[in-house]
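Hi,

Here is the structure I said I would pass on. Have a look at it first, and my notes follow underneath.

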Amino acid sequence: MTREALRSTASPAVDVAGTAVNKAARRYVWATAGVAALGTAWCVAYLTAGVGTEAFAYIFVPIGGVLATASVRHMSRSCDLDPVARRFWRAVLVAMAAITIGYGWLAVDMLTHAAQAHVRSMPVPAAACVAIGFGIAIWAVARVPVVATGGVEWWRTLLDRTIAFLGCTAVLWYVGLAPMLSAHEPWSRQAMVLVGLAFLVAVGAATKVSYIAGGPVDGAAIRLIAASGGVTAGAVAVLAVRFGYAAGVPAQAIVMPLTPVLATLGVAAQWRAELGFRHDTARGGVLLPYLAVTAVDVPLVAVAFGAPLRWPGRVVVIAAVMVTALVTVRQFIAFRENARLLRDARVQEERLQYEVSHDGLTGLANRALFRDRLTTVLATTGRASVLLVDLDDFKTVNDLLGHGVGDRLLVSIAQLLRAEVGTDGLPVRVGGDEFAVLLTGADADPEELAGRLLAALNNPISEHRLLVQASIGIADATPGATVDSVLRDADVAMYTAKQRGKASFVRYVDGMGEPVLAHMQLGGELRRALDNNEFRVVYQPIQRLDDNRVIGVEALVRWHHPTRGVVGPAEFIPAAERTGLIVPLGRFVLRETCRQAAAWLSEFGPDALHKAGPNVSARQLHDPDFVSDVTAALAESGLPCERLVLEVTESAVLRGQQVSRTLYELNRMGIRLALDDFGTGESSLSLLRAFPAAIVKLDKSFVDGIEIDDGRPAAADARQAVARAVIQLAHALGLETVAEGVESAEQAAVLRELGYTLGQGYHLAEPMTAEDVSRLLARQQAMAAADR
């Protein structure tokens, strides 16, 4: 973030603090710069006009050191530093204090021995203080945390830093320290040690700061601290080699006072960073090892062009060999790491390609891979067969046993497909409970494979030992076929297999899709019919068998098609179930029934009609809004709950926990439930105890032929056995019974003898409009009044 952006977003308090920081930092920088300027001015005056004595040259460094030390102390007390930064700057404070004491000691020694200043060496205690300061500075820099790494990256970083350190050190040795040692007028050992330590501080800090990633110690501050030692030490080394002892005065008065100036600039950088004025710079850790290799080659180039190979050069050659060896190791590690990354990338790419082209649950190929393979086959050989496999009534498994069991069943189906298909084709999970097989071999027989699959499904599968069936559609690629046309033909064949009774396979032939298309078009017409109010509710009376008195009605729906006339429910109800339109259609029938029943109750009184019952599908019972729809219909019409009967089939009742909760909630509301078509399911008797039914409706199949008297009593008893058992069981459980499909007076008579009191059917009354029911109720009421 730029300084202007920071200032624009900072609070007034931060602006005030930033202004104070600027003033304090500038005071120290200008003060140390002033000391350096005074030293420069005096040095010029001394060298040109002989002003003062040579000993004066040694007072500027300790004065600047005192100011630099004070700046560190002021910054540490003024800022709430991070523990890591506080530890670093405390060490720098101690290092600066020790260096200042050492150079102060030297200044006092030179002033008290001014006459020998030209030839006097630095006192050993003073040099020791400075050396200790440099050592503390090196220790402080070493403890600054760098980029957190681990494993191979840790070794790579260590090698990079070692290469950079050796390369930079070799160059500084060759161009700085070694020439001082071999100069005609060599400096004292104390001076050599201190210059060497200053070089170490500079190289160590430069190496370290390249791997600091925005830590608590500002990177610019460390660079300036490093420059305060390295730049001045290098300049002193150049002066010493070039001018010998004569360089002592300018080194002490001009060059070395720059150290406090650079140090205070570093303190100012940290000071400003603590208030958010940190300048983010790109890390140089990536390039530093390569720069170091280049740098270490400079002395070798000099030797190659004729420079004498003395012992300083030999040291550089040894350092270059070490750097080369480390670079080789570094490149080997990088090679292995790159190879690993490439290997991981290939594995990742293969895994992603597999996930994109395969089903996550079963591991089979998915729709995308299926289409891709089929496209390739059609573009090359053109010979292919597709089997579309759809599990029959798989939704029941999910509803009754849960989706976990359903998923494991799908996995078992996938395993069965792999086993049966083998190498002859590609098994695929298209989606949901729908699978496919792509056969491309010239000898592959799709009908033989379909037969094997159906035979295998005759046995229980999965860990839950479930018996499941499937409908299979087969389609062959014809000349000019496309992927979509082949899949459409297979889908039409599969749908035809379901219409023919399921658990079978059908091979597509031309023209097979027309009935399916008509059925799909019927779904579209149903949507239009709902929008245009083309449906009408008719009512079939439920009567007492002894006197034919109407006590209730069953609500039925008819479609008044604008061109086809009245369409029966057997034609459009399956399409409504398949498309989900049965839910809004059932909602319409429910509301119309409640409205009409409330109108009859208001017109003819509570004794005229006891109940009105619309049929409810399993799809409606699964709808989470069904209970609220019933509540709304009763509230809008004003019909009492106990006069509404909802008729449900056994297959609807066996649709899982959601349906069971809905039925029990309706029962608690006081709505009566009728079990329609009773006796046709597999669990009828157990349902009477588990299901909150109030009415049992005997299915028409048990009424047909119940009246036949062929002179064989045993045969007559067999025909009446189910009807007799149902009425006895219903009476034992306190349930009301209704016999459906009564088509003759003889059937009504037999049912009365068996104990049935209520019935419905064409013999008693056909379905009629609400107006006809009103006239029937009016006649019934008139006859009752006449009898009184």
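Keep in mind that this is a predicted model. I started with the inside of the protein. The largest nonpolar core has 75 residues, and those touching the most other members are F535, W600, V630, L644, L646 and Y756. Helix α20 (residues 582-604) gives this core its largest share, ten residues. If you want one residue to click on, try W600: leaving out residues up to four places away in sequence, W600 touches Y539, V553, G605, L609, A770, V773, S774 and L777. There is also a second, separate core of 29 residues, with L364, L457, I461 and I474 among them.

Zooming out, the protein chain has 28 helices and 14 strands. Of its 788 residues, 47% are buried. Taking contacts between residues at least 6 apart in sequence, 72% join residues at least 24 apart. The chain exposes about 38,100 Å², and carbon and sulfur atoms supply 59% of that.

Two helices are worth a look down the axis. The first is α5 (residues 124-142), with 19 residues. At 1.5 Å a residue α5 should span 27 Å, and its end C-alpha atoms are 26 Å apart, which agrees. Its buried residues are A126, A127, V130, G133, F134, A137, A140 and V141. Seen down the axis, these fall within an arc of 145 degrees, so they line one face of α5. The spacing fits a general rule: an α-helix has 3.6 residues a turn, so residues three or four places apart point the same way. On the face of α5 turned away from the buried side you will find V124 and A142, both exposed.

The other is α19 (residues 569-579), where F572, A575 and A576 are buried. Down the axis of α19, the buried residues fall within an arc of 105 degrees, so here too they line one face of the helix. Just after α19 comes G580, which takes a positive phi of about 85 degrees.

One last spot: E534, in the loop between α18 (513-531) and β6 (535-544). Is E534 buried or exposed? Its relative accessible area is 9%, and the cut-off for buried is under 20%, so E534 counts as buried. As for what surrounds E534, setting aside neighbours within four places in sequence, E534 is in contact with R528, A529, R558, W559, H560, H561 and P562.

That's what I have so far. Shout if anything is unclear.

Cheers

Key:
Residues numbered from 1 in each chain as written. Predicted model: local features only at pLDDT ≥ 70, side-chain atom pairs only at ≥ 80, totals over all residues. Heavy atoms only, no water. Helix = DSSP H or I, 4+ residues; strand = E, 2+ residues; numbered from the N terminus. Buried < 20%, exposed > 50% of the residue type's maximum accessible area, 1.4 Å probe, protein only. Contact = heavy atoms within 4.5 Å. Areas by Shrake-Rupley, 256 points an atom, 1.4 Å probe, with all protein chains shown as cover. Core = buried A, V, L, I, M, F, W, Y, C linked by side-chain atoms within 4.5 Å. Expected span 1.5 Å × (residues − 1). Arc of directions from axis to C-beta.
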